[in-house]
Amino acid sequence: MAKKNANFLNFLGAPAQRALLYELGITKLEDLSKYSKQDLLRLHGFGPSSIPKLEAELRKIGMQLKE
């Protein structure tokens, strides 16, 4: 499998990045607005400490996680 470019997720740890890239197929930050906190926390390698970081980055672009 080719390595995907995760530069837009560099604020997260490697396990969380891999979970978003390979389990959900996230290719841009905006894609994350389709998912809730609960959806993300079900991913292997994605822990609760990643949520505030993700929410902060989404706020910067005027978006949020799904309710």
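This is a quick walk through a predicted model of a small helical protein, from overall fold down to one helix.

Okay, so keep in mind that what's on the screen is a predicted model. How confident is the predictor? The protein averages a pLDDT of 91, and 91% of the residues score at least 70. Among the elements, helix α1, residues 14-23, has the lowest mean pLDDT, at 94, while helix α2, residues 37-41, has the highest, at 97. For the residues outside that 70 cut-off, the usual caution goes: where pLDDT is low, don't read the predicted coordinates in detail.

Right, the fold. Counting elements, we've got three helices and zero strands. Going along the sequence, you read α-α-α. The radius of gyration is 11 Å, close to the 11 Å that the globule rule gives for 67 residues, so the protein is as compact as a globular protein of that length. If you'd rather think in boxes, the C-alpha trace spans about 30 × 20 × 20 Å along its principal axes.

What about inside and outside? Buried residues make up 31% of the 67. On the outside, the protein exposes about 4,400 Å², and carbon and sulfur atoms supply 51% of that. For the electrostatics people: there are 11 positive and 7 negative charges, and their mean positions sit 4 Å apart. And on contacts, take the ones between residues at least 6 apart in sequence: 42% of those join residues at least 24 apart.

Now let's zoom in on α1. Which residues of α1 are buried? That would be Ala16, Gln17, Ala19, Leu20 and Leu21. As for what covers them, the list includes α2 and α3, and α3 is residues 50-60. While you look at that set, remember the helix geometry: an α-helix has 3.6 residues a turn, so residues three or four places apart point the same way.

One more residue on this helix: Tyr22 is also in α1. Is Tyr22 buried, partly exposed or exposed? Its relative accessible area is 36%. Buried needs under 20% and exposed needs over 50%, so Tyr22 counts as partly exposed. If you want a distance to go with that, take Phe11, eleven residues from Tyr22 along the chain: the two C-alpha atoms are separated by 17 Å.

Last stop, just past the helix. α1 is followed by Gly25, and the phi of Gly25 is positive, near 70°.

That's my tour, happy to go back to any of the views.

Terms used
Residues are numbered from 1 along each chain as its sequence is written. This is a predicted model: local features need pLDDT of at least 70, side-chain atom pairs count only at pLDDT 80 or more; totals for chains, interfaces and linings use all residues. Side-chain values use heavy atoms; hydrogens and water are left out. Helices (H or I, at least four residues) and strands (E, at least two) are DSSP runs, numbered from the N terminus. The radius of gyration is taken over C-alpha atoms; the globule rule is 2.2 Å times the number of residues to the power 0.38. Buried means under 20% relative accessible area, exposed over 50%, partly exposed in between (1.4 Å probe, protein chains only). Contact means heavy atoms within 4.5 Å. Accessible areas come from the Shrake-Rupley method with a 1.4 Å probe; for residues, only the protein chains shown count as cover. Lys and Arg count as positive and Asp and Glu as negative; His and the chain ends are not counted. The place of a charge is taken as NZ of Lys, CZ of Arg, CG of Asp or CD of Glu. pLDDT is the predictor's confidence in each residue, from 0 to 100.
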